[in-house]
Amino acid sequence: MQLRPYESKDLPPIQAVFLAAVEGSDVYTPPQRAAWAAGVAGLHRIEKETAFVVEHEGKILGFGGRWAEEIDFLFVHPDYWGQGIGSAIFMAMTQQCRPYVAYVSLQAHQFFLAQGFEVRSKETVVRQGVALERFVMVRQPKKDLP
């Protein structure tokens, strides 16, 4: 597996990873997953972010992007969950800047807790008329964190 910076040519494969991750989530209902999947159109903004992908044999397995101190995206294809891909991307995103705010899905909540984040609040966002719960999570700056 190779971790590398995001390139423009990666947009279609990361869209596929995003959709697979949303579909693979068992914490949202089918209508919620459909509403969340509509967010695939917004992935183009990763072009302006500090972003990374993990690929293996030409296939992108996961991706992440951040701007300033906020994590915008962190998705791994469900076939590769639990294999350290999300952690590798997270570490790459935090090498030069420590993101301290993330808007986190119910699916990713435990991952962000393991990275030292705490829940600031729980909120409901509405996408395509469907309510989706998520967490606003923060990580306090500490010298021992990446």
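Is F111 buried, partly exposed or exposed? In the predicted model described here, F111 is partly exposed, its relative accessible area being 24%. The neighbouring entry in the sequence, F112, is by contrast buried, with a relative accessible area of 5%. The centres of the F111 and F112 rings are 5.4 Å apart and their planes stand at 85 degrees, so that the two rings form an edge-to-face pair.

The overall fold provides the setting for these residues. The protein contains four helices and seven strands, which follow one another along the sequence in the pattern β-α-α-β-β-β-α-β-α-β-β. For 146 residues, a compact globule would be expected to have a radius of gyration near 15 Å, and the 14 Å found for the protein agrees with this. The C-alpha trace spans about 40 × 35 × 30 Å along its principal axes. Of the 146 residues, 47% are buried, while the exposed surface of the protein amounts to about 7,600 Å², with carbon and sulfur atoms supplying 52% of that area. When contacts between residues at least 6 apart in sequence are considered, 60% of them join residues at least 24 apart.

Aromatic side chains recur in the interior of the model. Ten aromatic pairs are present in the structure. In one of them, F18 and F75, the ring centres lie 4.8 Å apart and the planes are at 65 degrees, so this pair is edge-to-face. Because F18 belongs to helix 1 (residues 11-24) and F75 to strand 4 (residues 70-76), the pair ties together parts of the protein that are 57 residues apart in sequence. Both partners count as buried, F18 at 3% relative accessibility and F75 at 13%. The two residues also belong to a cluster in which ring pairs link F18, Y28, W36, F63, F73 and F75.

One member of this cluster, W36, lies in helix 2 (residues 30-37), where the buried residues are Q32, R33, A35, W36 and A37. The buried residues of helix 2 pack against helix 1 and strand 4, and likewise against strand 5 (101-105), strand 6 and strand 7.

In helix 3 (residues 85-93), the buried positions are I85, G86, I89, F90, A92 and M93. These residues cover an arc of only 160 degrees around the axis, which places them on the same side of helix 3. Such an arrangement can be read against the geometry of the α-helix, in which there are 3.6 residues a turn, so that residues three or four places apart point the same way. The cover over the buried residues of helix 3 includes strand 1 (2-5), strand 2 (50-56), strand 3 (59-67) and strand 4, together with helix 4 (109-114).

Strand 6 and strand 7, which are among the elements packed against the buried residues of helix 2, are also paired with each other. Strand 6 (residues 118-127) and strand 7 (residues 130-138) run in the antiparallel sense and are joined over nine bridges; at one of the paired positions, E123 has R134 in strand 7 as its bridge partner. The two strands form a hairpin with two residues between them, and in this turn Q128 has a positive phi of about 50 degrees.

Methods:
Residues are numbered from 1 along each chain as its sequence is written. This is a predicted model: local features need pLDDT of at least 70, side-chain atom pairs count only at pLDDT 80 or more; totals for chains, interfaces and linings use all residues. Side-chain values use heavy atoms; hydrogens and water are left out. Rings of Phe, Tyr and Trp (its six-membered ring) pair if their centres lie within 6.5 Å; planes under 30 degrees apart count as stacked, over 60 as edge-to-face and the rest as tilted. Buried means under 20% relative accessible area, exposed over 50%, partly exposed in between (1.4 Å probe, protein chains only). The arc is that of the directions from the helix axis to the C-beta atoms. Contact means heavy atoms within 4.5 Å. The radius of gyration is taken over C-alpha atoms; the globule rule is 2.2 Å times the number of residues to the power 0.38. Accessible areas come from the Shrake-Rupley method with a 1.4 Å probe; for residues, only the protein chains shown count as cover. Two strands pair if DSSP finds at least two bridges between them.
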